[in-house]
Amino acid sequence: MASLYIHSLIKLAFLCSFWPIITPLSLNYPAVFNFGDSNSDTGGLVAGKAFPLTRLNGQTYFHEFSGRFCDGRLIIDFLMEAMELPYMNPYLESVGSPSFQTGCNFATGGATIQPANAASTNPFSFNLQLSQFFRFKNRVLTLLSKDKELEKYLPAEDYFKKALYTFDIGQNDLDGALYSSASEKQVLDLVSKLMSDLNYGMKVPSGSYIGSTTDELTITAISCFFFSIPRDYMMQSEKNRSNLDEQGCIASHNRAATVFNQKLRDICLQFLAQSPEANITYVDIYSIKLKLISNYSLYGFQQPSMACCGYGGPPLNFDSRIPCGVTKDLNGTTATANPCNNTAEYINWDGNHYTEAANRFVADQILTGNYSDSPHLGALPFVN
């Protein structure tokens, strides 16, 4: 479970003041194609599986149900704003004739790098998302060859070469392994397998990149962040609490996440070495969020470990049996997971996902270029 943080309105106003400065210099792409899990799902799981998210998801910014696992905007939403592009529509959404002119989002909540099986809660794993992209691309090119007027709703042919391709996935693979009976060594072995699947998945079977073989392709790999608080925190003995780090999170989980991110960075650097004409960026979100957790008070946060929308009260306000906005009977007692009064003061939304305030902070840090291995982003102005 991710940690939670509080963001002051003063700090938010300060960060917002930098957006006009960094937006024109940061990212300039005609379209974005995103692959991932709930951290960047803009409604895919709800559309594709009728996942029962409550009306509270989206309340802060959209003021209505948004299909996002958040009270407002996600990191990907802020990045789209920085590019002055509309928010991404999910590939699986068919109601309302969504426009895909500036890209398409294949991310779905609960998605894994490993192929889904009969026991998986989400069938839309990374390999299927890639298959969806290939079908999408082929279908778009076929339709455009018949009617150029469809460019009002579909990406132009050259957009596939000039687009930004983003990957933010892997957290659910680690989550499933770490909360199973797997040993730490088995989890680390799994990381190597995940990297193999991810490495292959970023290329088509012929060996070329998923967009094209031209030098205009840009790939951004977002590092997995799995900063966990134990689910049975309140019931742990002092001996078990010795497994926690100084932030109150499970040390072994973060060791696995660190290895995952190191290997992901290695993949990106290998891509760049093999194809120096391509623009491949590794974004270290792990370090951004670790910085936020470790120094939360410096950024206006007041509570580093309690969910905004949850049940159970301090210190975590989280009960996995009661999702945000849901009312259930627990042993004869009616219990409801209600949201906090001011979501802008919290980093964790529902015990697993970040609030809009926290996502804004992460997006701002990404746009500084300070957490990216890329000549493209490295020269951007600093935002403190």
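**Figure 1. Ala-50 in the loop between α3 and α4.** The model shown is predicted: local features require pLDDT of at least 70, side-chain atom pairs count only at pLDDT 80 or more, and totals for chains, interfaces and linings use all residues. Residues are numbered from 1 along each chain as its sequence is written, and side-chain values use heavy atoms, with hydrogens and water left out. Helices (H or I, at least four residues) and strands (E, at least two) are DSSP runs numbered from the N terminus. Although Ala-50 is not a glycine, its phi is positive, at about 55°. Most residues other than glycine have a negative phi. With 60% relative accessibility, Ala-50 counts as exposed; the terms are buried for under 20% relative accessible area, exposed for over 50% and partly exposed in between, with a 1.4 Å probe and protein chains only.

**Figure 2. Asn-331 in the loop between β6 and β7.** Asn-331 is not a glycine, yet has a positive phi of about 55°. The relative accessible area of Asn-331 is 78%, so this residue is exposed.

**Figure 3. The cis peptide bond from Pro-314 to Pro-315.** The omega angle of the bond between Pro-314 and Pro-315 is near 5°. Most peptide bonds are trans. Pro-315 belongs to the loop between α11 and β6.

**Figure 4. The disulfide of Cys-308 and Cys-340.** A disulfide is a pair of cysteine sulfur atoms within 2.5 Å, and a search of the whole structure finds two. The sulfur atoms of Cys-308 and Cys-340 are 2.1 Å apart. The torsion about their S-S bond is -90°, a left-handed link. Because Cys-308 lies in the loop between α11 (285–294) and β6 (327–330), and Cys-340 in the loop between β7 (333–336) and α12 (356–368), the pair ties together parts that are 32 residues apart in sequence. Cys-308 and Cys-340 are both buried.

**Figure 5. The disulfide of Cys-309 and Cys-324.** The S to S distance of the Cys-309 and Cys-324 pair is 2.0 Å. With 85° about the S-S bond, the link of Cys-309 and Cys-324 is right-handed. Cys-309 and Cys-324 each lie in the loop between α11 and β6, so this disulfide ties together parts that are 15 residues apart in sequence. Both Cys-309 and Cys-324 are buried. Counting the bonded cysteines along the chain, the disulfides of the protein chain follow the pattern 1-4, 2-3.

**Figure 6. Two further cysteines, Cys-104 and Cys-268.** Cys-104 has 0% relative accessibility and therefore counts as buried. Cys-268 is likewise buried, its relative accessible area being 3%.

**Figure 7. The crossing of helices α4 and α12.** The axes of α4 (residues 75–82) and α12 come within 8 Å and cross at roughly 50°. That angle makes α4 oblique to α12. Axes are lines fitted to C-alpha atoms, for helices over the stretch in contact, and angles run from 0 to 180 degrees between N-to-C directions; under 35 degrees counts as roughly parallel, over 145 as roughly antiparallel, 65 to 115 as roughly perpendicular and the rest as oblique. The crossing of α4 past α12 is right-handed, the near helix being turned clockwise from the far one by less than a right angle, whereas anticlockwise would be left-handed. From α4, Ile-75, Phe-78, Leu-79 and Ala-82 meet Glu-356, Asn-359, Arg-360, Val-362, Ala-363, Ile-366 and Leu-367 of α12. The residues of this contact of α4 with α12 divide into eight nonpolar, one polar and two charged. Nonpolar covers Ala, Val, Leu, Ile, Met, Phe, Trp, Tyr, Cys and Pro; charged covers Asp, Glu, Lys and Arg; the others, Gly among them, are polar.

**Figure 8. The surroundings of Ser-38, in the loop between β1 (32–36) and α3 (44–49).** At 8% relative accessibility, Ser-38 counts as buried. Leaving aside residues up to four places away in sequence, Ser-38 touches Phe-69, Leu-74, Thr-108, Gly-109, Gly-110 and His-353, where contact means heavy atoms within 4.5 Å. The C-alpha atom of Ser-38 is separated by 9.2 Å from that of Asp-168, 130 residues apart along the chain.

**Figure 9. Overall context for the close-up views.** The protein chain has 13 helices and eight strands. Of its 384 residues, 54% are buried. Among the contacts in the protein chain with a separation of 6 or more, 70% are between residues 24 or more positions apart.
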